[in-house]
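Here is a short briefing on one model. Read it with the sequence and the 3D view side by side.

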Amino acid sequence: IDVNDEASLRLIQISENVQRQDMTLLQTAEAIRDTLAVSGMKQKEFAKRLGKGEDYISGHLALLGSSGPVRKALEDG
């Protein structure tokens, strides 16, 4: 696959990574956040291109605000 821009490359990477079983919810959330930052896409567009619902994207991003025992549990998977 010939990918000419960072946003497209990240979209391909996260599409593959989201399907992996060994990726924690927090790792997925961080990948989504980073991809949105690099691509400049809105959550709605990103969700559509990823083949997920907007609630999937917003729910994962909400996890990034977790702290304490919740954050530790997310980090541990």
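Thr24 reaches across the sequence to touch Leu74, Glu75 and Gly77, leaving out residues up to four places away. The model is a predicted one. The points below start at Thr24 and then move through the helices.

**Thr24 and Leu25**

- Thr24 sits in the loop that joins helix 1 and helix 2.
- Its relative accessibility is 14%, so Thr24 counts as buried, the limit being under 20%.
- Leu25 belongs to helix 2, which covers residues 25-39.
- Leu25 has a relative accessibility of 46% and is therefore partly exposed, a class that runs between 20% and 50%.
- Beyond four places in sequence, Leu25 touches His60, Leu63 and Leu74.
- Leu74 is thus listed for Leu25, and Leu74 is listed for Thr24 as well.
- Leu25 and Glu75 are 50 residues apart along the chain, yet their C-alpha atoms are separated by 8.0 Å.
- Glu75 is also among the residues that Thr24 touches.

**His60**

- His60 is placed in helix 4, residues 54-63.
- With a relative accessible area of 9%, His60 is buried, because that value is under 20%.
- Outside the four-place window, the residues touched by His60 are Leu25, Thr28, Ala29 and Ile32.
- The Leu25 entry can be read from the other end too: Leu25 touches His60.
- His60 and Leu9 are 51 residues apart along the chain, and 20 Å separates their C-alpha atoms.

**Helix 3 against helix 4**

- Which two values describe the packing of two helices? They are the angle between the axes and the distance between the axes.
- Helix 3 (residues 43-50) and helix 4 pack at about 115°, and their axes are 8 Å apart.
- The crossing of helix 3 and helix 4 is right-handed.
- On the helix 3 side, the contact is made by Gln43, Lys44, Phe46, Ala47 and Leu50.
- On the helix 4 side, Glu54, Tyr56, Ile57, Ser58 and Leu61 make the contact.
- By class, the residues in this contact of helix 3 with helix 4 are six nonpolar, two polar and two charged.

**Rings**

- Tyr56, one of the helix 4 contact residues, has Lys52 over its face, at 4.9 Å from the ring centre.
- How many aromatic pairs does the structure hold? It holds zero.

**Arg49**

- Arg49 is a residue of helix 3.
- Its relative accessible area is 42%, so Arg49 is partly exposed, falling between 20% and 50%.
- Setting aside neighbours within four places in sequence, Arg49 is in contact with Ser8, Leu11 and Met41.
- Arg49 and Gln27 are 22 residues apart in sequence, and C-alpha to C-alpha they are 19 Å apart in space.

**Ala7**

- Ala7 is part of helix 1, residues 6-18.
- Is Ala7 buried or exposed? Ala7 is buried, because its relative accessible area of 16% is under 20%.
- Past the four-place window in sequence, Ala7 is in contact with Val38 and Ser39.
- Ala7 and Thr35 are 28 residues apart along the chain, with their C-alpha atoms separated by 6.9 Å.

Terms used: Residues are numbered from 1 along each chain as its sequence is written. This is a predicted model: local features need pLDDT of at least 70, side-chain atom pairs count only at pLDDT 80 or more; totals for chains, interfaces and linings use all residues. Side-chain values use heavy atoms; hydrogens and water are left out. Helices (H or I, at least four residues) and strands (E, at least two) are DSSP runs, numbered from the N terminus. Buried means under 20% relative accessible area, exposed over 50%, partly exposed in between (1.4 Å probe, protein chains only). Contact means heavy atoms within 4.5 Å. Axes are lines fitted to C-alpha atoms, for helices over the stretch in contact, and angles run from 0 to 180 degrees between N-to-C directions. A crossing is left-handed if the near helix is turned anticlockwise from the far one by less than a right angle, and right-handed if clockwise. Ala, Val, Leu, Ile, Met, Phe, Trp, Tyr, Cys and Pro count as nonpolar, Asp, Glu, Lys and Arg as charged, and the others, Gly among them, as polar. Rings of Phe, Tyr and Trp (its six-membered ring) pair if their centres lie within 6.5 Å; planes under 30 degrees apart count as stacked, over 60 as edge-to-face and the rest as tilted. A charge sits over a ring if NZ of Lys or CZ of Arg is within 6 Å of the ring centre and within 35 degrees of the ring normal.
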